[in-house]
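Biologist: I have a structure open and want to learn how to read it. Where do we start?

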Amino acid sequence: MTIRTIAAVGLTLVAATALPAASQRRDRAQSAVGAEGSQAASGSYIVVGSPTDADLDRLLAAIRKVDGVEQVEVKKIPGNTLLRVRAAALGTIIITAARKAGFELRQTPTRIYLATGPTQSTDLSQLRTTLRSLPGVEQVEMSPQAGGLALRVRGAIDPSGLAAVLKPSGFTSAPVSAFVASGSAAPADVARLRMALNQLLGVSKIETRVVIGGANLVVYGDVKEEALTKTARACGYGLLSVNDPASETQRFTVQGVTGSEDEAKLRDALRGVGVAGEIQIQKTAGEVRLGVPTGTASARALAGAAKSAGFDLTQVETVTLPSIGSERERITPPAPNERTIDEQTRMGELAPDFSLLMHDGKGKITLSNSFGKRPVVLIFGSYT
Amino acid sequence: MLVYIREAHPDSILFVPTKSGGKELGVVGQTFAVQDRLNNLHQCTSLLQLTMPSVIDSDDNIVNRTYAAWPDRLYAIDTDGKVAFKSGPGPAGFKTPDLAAWLQKNVR
């Protein structure tokens, strides 16, 4: 919420003043490519594009050319093609390289399911193991609920595929999804929307709450998001999918961490297996909690790395079903793997120069052209 | 000067401006290309009524990375082009009062 903060405090900005260019300072920024550090991270994506072997080979070749890529592979599973990458930096660089090769990459989705069935008489750890072994499934967490289980499944798997695996154990399952409907907040309009969505094939239940700017929705049932979106649009609403904030972090309790040296040692161990985002270590009364971004290393790999460094990790699985809440705006967790650790700027040294596109999309501002009469304030940030 | 970089919380649902001058809830997605970043910048400056000079980082995010700027950060560059104020990395280090104090002390 950076920019909102600035707007709120009314910070006075020092305008850039054109003065003779300091050409020797230019292009330092351009020479500083590859500042993300040497630790590799792992990630997987769903490949959207031609599924032929020749085209996928072209995709692999394009990704391999990206600086810092250590390993890349594609895997075909029923209904999807997955790309797995281990690289110094994920995100933009990988996605851009794929686009240039004619492919789109999508993050593997995380879905919440409500599974109703005999939790008392079922070996849940065996069930978890079975689910984790499904093609395309990367992560499974489960929490007992009244009459069943709440499941969080990360991976490229169809809800019907998951249901088929759970059925022999006596469970019936369906996704539970949260949305914000942007539009009228009039109760009568929201009721009309609810009725229309309820009629869609696969929908078993809809919960709604009117908020300023529209309504919060929770949809139970195996129904395509496209069908929900189309129906909502026909009712005058834009349907916005709400991410599950808890899906972005793997949580553990830690045994063996007593001081800051231990924390540093644990962080180093986790970085060693590819964790590139922020590692949260939180001490509370009686226990130490660890939070690690998902998608970079499996829970098993993390536990193994910690064990080698002398610490015991126990995964904490807390899956909660989406709720209609009362929030108007939803802030997702911080994007993973974005922070740059290397500090290339130094107090008292020349600021790396840059020349960037202005808000009009036409002109450019060159930082060094602004030096002279008054200091220049740089506010880095984004809308979110 | 606002330097618009990668979104900190992509896919957040926030109020965004409408063409008719109102506002509605919308998804603010991550930016991978110049046009995406310009769109988000316009939404941001329009809704928050910002008038400061603003630029977007290039699609290779080089300035963001060089300044270790994500998710947000404050700098002041003095008249000689040297780094004179540098906040900690955000969000913990993004402290506008510290920058305001520096400006009051160093700018007339």
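Modeller: Start with exposure. Buried means under 20% relative accessible area, exposed means over 50%, and partly exposed lies in between (1.4 Å probe, protein chains only). Keep in mind that this is a predicted model: local features need pLDDT of at least 70, side-chain atom pairs count only at pLDDT 80 or more, and totals for chains, interfaces and linings use all residues. Residues are numbered from 1 along each chain as its sequence is written, chains are lettered from A and ligands numbered from 1 in the order in which they are written, and side-chain values use heavy atoms, with hydrogens and water left out.

Biologist: Is R267(A) buried or partly exposed?

Modeller: R267(A) is partly exposed, at 27% relative accessible area. E263(A) is buried, at 17%.

Biologist: How do I read a salt bridge?

Modeller: Side chains of opposite charge can pair when their charged atoms come close. The rule here asks for a side-chain nitrogen of Lys or Arg within 4 Å of a carboxyl oxygen of Asp or Glu. R267(A) and E263(A) meet in one, at 4.0 Å from N to O. They sit four residues apart in helix α9 (260–271) of chain A, so about one helical turn separates them. Helices (H or I, at least four residues) and strands (E, at least two) are DSSP runs, numbered from the N terminus.

Biologist: Which other residue forms a salt bridge with E263(A)?

Modeller: K283(A), with the closest N and O atoms 3.5 Å apart. This pair links distant parts of the chain: E263(A) is in helix α9 and K283(A) in strand β13 (280–284), 20 residues apart. K283(A) is partly exposed, at 44%. Over all chains, the structure holds 18 salt bridges.

Biologist: How do I find the inner side of a helix?

Modeller: An α-helix has 3.6 residues a turn, so residues three or four places apart point the same way. Now take helix α5 (124–132) of chain A. L127(A), R128(A) and L131(A) are buried there. They cover an arc of only 100° around the axis, so they lie on the same side of α5(A). That arc is taken from the directions from the helix axis to the C-beta atoms.

Biologist: What do the buried residues of α5(A) pack against?

Modeller: β6 (137–145), β7 (148–155) and α6 (159–166) of chain A. R128(A) also belongs to a network of salt bridges with R132(A) and E317(A).

Biologist: And how do I read the interface?

Modeller: The size of an interface is often given as the accessible area lost when the parts come together. Here, buried area uses a 1.4 Å probe and is summed over both parts. Chains A and B bury about 7000 Å² between them, 65% of it on carbon and sulfur atoms. In chain A, F380(A), Y383(A) and T384(A) lose the most area to chain B, together 13% of what that side buries.

Biologist: How many residues of chain A are in contact with chain B?

Modeller: 74 residues of chain A are in contact with 75 of chain B. Contact means heavy atoms within 4.5 Å.

Biologist: How many salt bridges cross the interface of chain A and chain B?

Modeller: The rule finds three. R73(B) forms a salt bridge with E343(A), with the closest N and O atoms 2.9 Å apart.

Definitions and conventions. Buried area = accessible area lost by both parts, 1.4 Å probe.
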